[in-house]
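Trainee: Could you take me through one part of this model up close? I'd like to follow a single side chain and then see what lies around the ligand.

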Amino acid sequence: MEVTKNTANPQEPAYVQFEGFSKEESQELSKAGVLIGTLEQVKAWARSNSLWPLTFATACCGIEMMGTGAAHYDLDRFGIIFRASPRQADCIIIAGTITKKMAPILKRLYDQMPEPKWVVAMGSCATAGGPYVRAYSVVKGADQIIPVDVYIPGCPPSPPALIYGLNKLQEKIRLEAKGKKVR
Amino acid sequence: MAIRTEELLMNIGPQHPSTHGVLRVVVKVDGEIIVDAEPVVGYLHRGTEKLAEDLQYTQIIPYTDRLDYLASMINNHAIVGAVEKAMDLEVPERAEHLRVIVAELQRIASHLVFFGTYLLDLGAMSPFLYVFAEREKIIDLFNRLCGARLTFNYMRVGGVKWDTPEGWVEEAKQFVQHLKKQMDMYHELVTGNEIFLNRVKGIGKFDTETAINFAMSGINLRSTGFNWDLRKNKPYSIYDRFDFDVVVGENGDCYDRYMCHLKEIEQSLRIVEQALDQIPEGPVMGKVPKILRVPAGEYYSAVEGARGELGVYIVSEGKDKPYRLKFRRPSFVNLQLLPKLLVGQSMSNLIAILGAVDIVLGEVDA
Ligand code: SF4
């Protein structure tokens, strides 16, 4: 849903141009406080604004994730609240190195999460193995185990980068509900 | 008629918010009482020591950042100190001071995280928010110094990489004054709290003999009343020039460990204050050869890490890469006592005891 402003005549109030409706109809609907969307879009809007990620901090990146969640950067303002149980989570932020010993557990946690679910790979370790790519015990990226939606580079990514990545995920959720393919 | 009971096997972790990472503890419980406990480590084994065999000494420094990621600066100090000792290198005065300042600030940051997360484990949310705001200030100081927030890679063999930016020393001084005031508030917030005291006093007790037999070090050892701090007992760098006290506990319970952490923050503040006042002008990098070759032989040197004696053992064949590099990781050693501490305790004390031992999984598994 995009709010359109009439730049030629700033006095005219802003309105939302709905698909399949003329300008006048859209204006009238907006004036009456009516919004039209598919149920999917409404659900996606709600979901994207209340992402509950699982606390899956395996290594150093987890500290930055904690830092982002704490007072200074405050993820709560995006509706992002950390949950400790996969049953209550709908998003998993993989913050840290995934070792071969950890990989089956990551898969199991992912399977335990209810649909719909999204995955954020935070840091170069979760993206592609990072500095430990040559180590014998490290999985070269979380996407070898589970599908990843958003990759955030950095070692560790700074909190603003994590917030940006999460915003991108919210955007993706909303766009996908409109039937757009996001990669 | 007696009620029939069964022993139950329970998994804590590896994905558990209170295991500070990916530790897994397999406990056998009889009702609420733990009868057997076994920590399972290795979920974060990244093969640092093996990787180091293939890297030049300067290239190893960033990997030490990621060992104990709450105290990266101290890890840096350990490895560069070990190489310097082995090669007999001189470090400029200013660099030594900077090292002490950042190492102590890092110790404060690490202990603050302990304070926050320990209380979070015990069910108090707000200290966590307070300390992370405080820690953020230290991280900002480091960020201005070396451009990283967590994995600093700041020290080099022979000195440090960057000199302070303009106004840094003043900012650091202001921060020290600020935190001094904050500490009183933390004590008021938490230390006298009845619920908190009930959960930690007399819990997870061990004596000096046990601690020494298990080769424990750091606060875990000092909390039992044994005065052992490498900064005093085997002074490295320039620690012998500063006036500070070694904090020791009495009973070796969780409460003592908690108090030691908080008091150590105050002592570290004292060191930082003195170092900031004394810091001389001059270069921050000494004369070092382009390629570092440690003469053949075996070397050990240790620093007082945030969690205990952090040692680096180098076996060299005279090449630019170590033949074998071993880290003595205090978290791993301190963890060994855990099964003994847990047996006989109730399930709800598990987290309180585990939290007070203060482990970092990056260091346990390396
Ligand atoms: S990406 Fe870097 S900071 Fe993050 S877990 Fe890996 S090594 Fe640690």
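Mentor: Start with the side chain of Arg149(B), which reaches across to chain A and makes a polar contact of 2.8 Å with the side chain of Glu64(A). Keep in mind that this is a predicted model, so take the distances as computed from it. Arg149(B) has a second acidic partner in its own chain: its side chain and that of Glu136(B) are joined by a polar contact of 2.7 Å.

Where does Arg149(B) lie in chain B? It's in the loop between α5 (126-146) and β4 (155-156). Loop or not, Arg149(B) is buried, because its relative accessible area is 8% and the cut-off for buried is under 20%. Leaving out neighbours within four places in sequence, its contacts on the chain A side are Glu64(A), Tyr73(A), Ser158(A) and Pro159(A). On the chain B side they are Glu136(B), Ile139(B), Asp140(B) and Asn143(B).

Now for the ligand. Glu64(A), the partner we began with, falls within the residue range of α3 (60-69) of chain A, and that helix is one of the elements giving two or more residues to the ligand shell. The other is α5 (123-128) of chain A, and α5(A) supplies the largest share, three residues. In total 14 residues surround the ligand, and the closest are Cys60(A), Cys61(A), Ser124(A), Cys125(A) and Cys155(A). Both chains A and B contribute residues, so the site is shared between them. The space the ligand takes up is also the largest cavity. As for Cys60(A), one of the closest residues, it counts as buried because its relative accessible area is 8%.

With cysteines in the picture, you may ask how many disulfides there are over all chains. A search of the whole structure gives zero. Take Cys260(B) as a case: its closest cysteine sulfur is in Cys254(B), 12 Å away, so the two are too far apart for a bond; the cut-off for a disulfide is 2.5 Å. Cys260(B) is buried too, with a relative accessible area of 2%.

One last stop in chain B is helix α14 (residues 347-357), which is mostly covered, with 10 of its 11 residues buried. Among them are Met347(B), Leu350(B), Ile351(B), Ile353(B), Leu354(B) and Val357(B), along with Asn349(B). Just after α14(B) comes Asp358(B), which has a positive phi, near 60 degrees.

How values were computed: Residues are numbered from 1 along each chain as its sequence is written. Chains are lettered from A and ligands numbered from 1 in the order in which they are written. This is a predicted model: local features need pLDDT of at least 70, side-chain atom pairs count only at pLDDT 80 or more; totals for chains, interfaces and linings use all residues. Side-chain values use heavy atoms; hydrogens and water are left out. Helices (H or I, at least four residues) and strands (E, at least two) are DSSP runs, numbered from the N terminus. Buried means under 20% relative accessible area, exposed over 50%, partly exposed in between (1.4 Å probe, protein chains only). A polar contact is a pair of N or O atoms within 3.5 Å; within protein, one must be able to donate a hydrogen and the other to accept it, and residues adjacent in sequence count only if both atoms are side-chain atoms. Contact means heavy atoms within 4.5 Å. A residue is near a molecule or strand if one of its heavy atoms lies within 4 Å of it. On a 1 Å grid over the protein atoms alone, a cavity is a set of points where a 1.4 Å probe fits but cannot get out, and a pocket is an open set with protein on both sides within 12 Å along at least five of seven lines; lining residues have an atom within 4 Å of a point. A molecule sits in a cavity or pocket if more than half of its atoms lie within 2 Å of its grid points.
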